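Hi there,

Here is the structure I promised to pass on to you. Have a look at it first, and then read on for my notes on what turned up.

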Amino acid sequence: MTPSAPSSGPSFELLPGAADSPVILHVPHSAREIPADVRADILLDDPALARELDHITDSHTARIADEAARACAVTPWRFVNRLSRLVVDPERFPDEREEMLAVGMGAVYTRTTHHADLRPADHDPEPLLARCFRPYARAMTDAVADRLAATGRAVVIDVHSYPTAPLPYELHGTDPRPAVCLGTDTFHTPPALLSAAREAFAGCGEIGLDSPFIGTYVPLQFYGREPAVGALMVEIRRDTYMSEPGGAADGPGVARLASALATLVDAVSG
């Protein structure tokens, strides 16, 4: 049975942290929920949709962020997407700037990870952009602005995962796939933040830089303009903590990664 949520349900949640924490753990791709009315426009049958959710969902990343937050000396804020990225992907550009449009995976996907049709070719993305994408972007912008006002800076740490073997949709699938990939931005990822991440995740396996995924998320209001907003993407290879493609979290992987993430948060919170 395909997971679904009421069409009136919340699409995201901001979980408060300490008043003096500059850190926001951003978890955009951990959910599988799809509102029933959005499900009606998806072409896949229930078994095929369940398989697609297994491949595309960053399973258990919300749990990793939650366990990390509870272990931190200064509790970070958490901004968590409560709907599947098959509803909208909040980290895509909503226009022609998005390179993933080439494979039908812009802000509103029309193709699957294996290039099958997800939505009709003439599907209008505007209703979902208005309903989910733009409110999410505004709320994330407000969350960053709040941290800037409260602490004088903000640090957005994106928490993602990716499969051990590349999926057909990936534009850089032949690149190295380390245990932990750190995605950076030349303006928003200062050397001290990257160094702290390398040190924090040193015990989690090989660490790579911008491979196989590159960049990090910063609300557009601040992107390339506000140096007090730091950002880093943490991409975790799924075989280090779970059964693939969409199974349970295995062994000590979640605890190890949560501890490393907490170490990173603590290092950049002071």
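**Salt bridges, pockets and the sheet**

Arg-147 is buried, with a relative accessible area of 3%. Please keep in mind as you read that this is a predicted model. The side chain of Arg-147 forms a salt bridge with that of Asp-146, at 2.7 Å from N to O. Asp-146 is partly exposed, its relative accessible area being 36%. So this bridge joins a residue under the 20% cut-off for buried to one that lies between 20% and 50%.

A second pair has a similar make-up. Arg-237 and Asp-239 meet through their side chains in a salt bridge, again with 2.7 Å from N to O. Here Arg-237 is buried, at 17% relative accessible area, whereas Asp-239 has 38% relative accessibility and counts as partly exposed.

And what about Glu-126 and Arg-134? Their side chains also meet in a salt bridge, with an N to O distance of 2.7 Å. In this pair Glu-126 is partly exposed at 35%, and Arg-134 is partly exposed too, at 34% relative accessibility.

Beyond these pairs, which residues are linked in a network of salt bridges? They are Asp-58, Arg-85, Asp-89, Arg-92 and Arg-238. Over the whole structure, the search finds 16 salt bridges.

Now to the pockets. The largest pocket holds about 1,100 Å³ of space. Its lining is made up of 45 residues, and those nearest the centre are Glu-91, Arg-92, Glu-98, Ile-214 and Thr-216. You will recognise Arg-92 from the salt-bridge network. By class, the lining of the largest pocket comprises 22 nonpolar, ten polar and 13 charged residues.

Which helices and strands each supply at least two residues of that lining? Helix H2 (46–56), helix H4 (126–151), strand S4 (154–162) and strand S7 (229–237) each do so. The largest share comes from H4, with five residues.

The second largest pocket has a volume of about 180 Å³. Among the residues that line it are Phe-93, Pro-94, Asp-95, Leu-101, His-123, Pro-125 and Leu-129. The stretch in between contributes as well, including Gly-104, Gly-106, Ala-107, Val-108 and Thr-110. In this lining, seven residues are nonpolar, four are polar and one is charged.

Last comes the sheet. Seven strands make up an open sheet with mixed pairing, and their order is S1-S3-S2-S4-S7-S5-S6. Strand S1 (12–15) and strand S6 (207–209) stand at the edges and have a single partner strand each, so one side of each is left without a neighbour in the sheet. On average, neighbouring strands of this sheet are turned by 20 degrees against each other, direction ignored.

At the S1 edge, the partner is strand S3 (residues 77–81): four bridges join the two, and they run antiparallel. If you would like a spot to zoom in on there, look at Leu-15, which stands opposite Arg-78 in S3. Strands S4 and S7 also deserve a second glance, as each supplies at least two residues to the lining of the largest pocket, and the two sit side by side in the strand order.

Enjoy looking through it, and do write back with any thoughts.

Best wishes

Methods
Residues numbered from 1 in each chain as written. Predicted model: local features only at pLDDT ≥ 70, side-chain atom pairs only at ≥ 80, totals over all residues. Heavy atoms only, no water. Pairing = 2+ DSSP bridges. Axes fitted to C-alpha atoms, helices over the stretch in contact; angles between N-to-C directions. 1 Å grid on protein atoms, 1.4 Å probe; cavity = no way out; pocket = protein on both sides within 12 Å on 5 of 7 lines; lining within 4 Å. Points joined across faces, edges and corners; volume = space filled by probe spheres on them. Nonpolar A, V, L, I, M, F, W, Y, C, P; charged D, E, K, R; others polar. Salt bridge = Lys/Arg side-chain N within 4 Å of Asp/Glu carboxyl O. Buried < 20%, exposed > 50% of the residue type's maximum accessible area, 1.4 Å probe, protein only.
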